[in-house]
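Before we go through this model together, please look over the sequence and the structure. We will then work by question and answer.

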Amino acid sequence: MNREMQLDQNSLVSAWQERLPALMDNGDSFSLQGDAADPKSLLIHFNAAGHQAYSLDFRCTYVDSREVAVDLIDVEQGGRHTDERTDAVQQLAQQYTRQIHECAQALQNLTNP
């Protein structure tokens, strides 16, 4: 059964901004905003802690009130586009994807009342 989400994008952004930091590794930072092109999507920019200076951009789209689809949009290292197929980037992408799914799950009481 497909359940439509009852939460508007601004409320969703606020909830994510409150919840996501608790799921992240120390030193990592993020910025988050609603996707202007899609009210069911959030754009999340992660800055990885450490000397590699990686930043990864994801789109998190609510398929329904309980499920999200996560897409890696862009990877940069030191402000320049970089190959997303390297082991280091793949590990970061998997880590952040897991954190996005954990955050979505933690917020199910809001998105799937």
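**Sheet, helices and core**

Mentor: Both Phe 46 and Phe 58 are buried, and we should keep in mind that everything here is read from a predicted model.

Trainee: How do the rings of Phe 46 and Phe 58 pair, and at what angle between the planes?

Mentor: Phe 46 lies in strand β2 (residues 41-47) and Phe 58 in strand β3 (residues 54-62), so the pair links distant parts of the chain, twelve residues apart, when strands are numbered from the N terminus. The ring centres are 5.8 Å apart. Because planes over 60 degrees apart count as edge-to-face, this pair is edge-to-face, with an angle between the planes of 80 degrees.

Trainee: Which aromatic residue forms a stacked pair with Phe 46?

Mentor: The stacked partner is 50 residues away from Phe 46 and sits in helix α2 (residues 87-106). The centres are 4.0 Å apart and the planes 5 degrees apart, and planes under 30 degrees apart count as stacked. Phe 46 is buried, and its partner is buried as well; that partner is Tyr 96.

Trainee: Which residues form one aromatic cluster?

Mentor: Phe 46 pairs edge-to-face with Phe 58, and Phe 46 also stacks with Tyr 96. The one cluster is therefore made up, under the pairing limit of 6.5 Å between ring centres, of Phe 46, Phe 58 and Tyr 96.

Trainee: What is the order of the strands in the open sheet?

Mentor: The sheet has five strands with antiparallel pairing, and its edge strands, each pairing on one side only, are β1 (29-34) and β5 (80-81). Reading across the sheet, the order is β1-β2-β3-β4-β5.

Trainee: Over how many bridges do β3 and β4 pair?

Mentor: A hairpin joins β3 to β4 through five residues, and two of the residue partnerships can be located on the model: Ser 55 has Glu 76 as its bridge partner, while Thr 61 stands opposite Ala 69. Strand β4 covers residues 68-77, and its antiparallel pairing with β3 runs over nine bridges.

Trainee: Which residue in the turn between β4 and β5 has a positive phi?

Mentor: β4 and β5 pair in the antiparallel sense over two bridges, with Gln 77 standing opposite Arg 80. The hairpin that they form has two residues between the strands, and the one in the turn with a positive phi, of about 60 degrees, is Gly 78.

Trainee: What angle does the direction of α2 make with that of β3?

Mentor: Two helices pack on the sheet and can be taken in turn. Helix α1 (residues 9-19) touches β1, β2 and β3, and its direction makes about 170 degrees with that of β1. Helix α2 touches β2, β3 and β4, and its direction makes with that of β3 an angle of about 35 degrees.

Trainee: Which element gives the largest share of the largest nonpolar core?

Mentor: This core has 28 residues, and those that touch the most other members are Trp 16, Leu 20, Ile 44, Phe 46, Leu 56, Phe 58 and Ile 100. The elements giving two or more residues to the core are α1, β2, β3, β4 and α2. The largest share is seven residues, and it comes from α2.

Trainee: What covers the buried residues of α2?

Mentor: The buried residues of this helix include Val 89, Leu 92, Tyr 96 and Ile 100, and Ile 100 is also among the residues that Ile 44 touches. The cover over the buried residues of α2 includes α1, β2, β3, β4 and α3 (108-111).

Trainee: What distance separates the end C-alpha atoms of α2?

Mentor: The helix has 20 residues, and at 1.5 Å a residue it should span 28 Å, because the expected span uses one less than the number of residues. The computed separation of the end C-alpha atoms agrees with this, being 28 Å.

Trainee: Is Ala 53 buried, exposed or partly exposed, and at what relative accessibility?

Mentor: Ala 53 is in the loop between β2 and β3, and it has a positive phi of about 55 degrees although it is not a glycine. Most residues other than glycine have a negative phi. Because its relative accessibility is 40%, Ala 53 counts as partly exposed.

Terms used:
Residues are numbered from 1 along each chain as its sequence is written. This is a predicted model: local features need pLDDT of at least 70, side-chain atom pairs count only at pLDDT 80 or more; totals for chains, interfaces and linings use all residues. Side-chain values use heavy atoms; hydrogens and water are left out. Rings of Phe, Tyr and Trp (its six-membered ring) pair if their centres lie within 6.5 Å; planes under 30 degrees apart count as stacked, over 60 as edge-to-face and the rest as tilted. Helices (H or I, at least four residues) and strands (E, at least two) are DSSP runs, numbered from the N terminus. Buried means under 20% relative accessible area, exposed over 50%, partly exposed in between (1.4 Å probe, protein chains only). Two strands pair if DSSP finds at least two bridges between them. Contact means heavy atoms within 4.5 Å. Axes are lines fitted to C-alpha atoms, for helices over the stretch in contact, and angles run from 0 to 180 degrees between N-to-C directions. A nonpolar core is a set of buried Ala, Val, Leu, Ile, Met, Phe, Trp, Tyr and Cys residues joined through side-chain atoms within 4.5 Å. Lists of a residue's contacts leave out its neighbours within four places in sequence.
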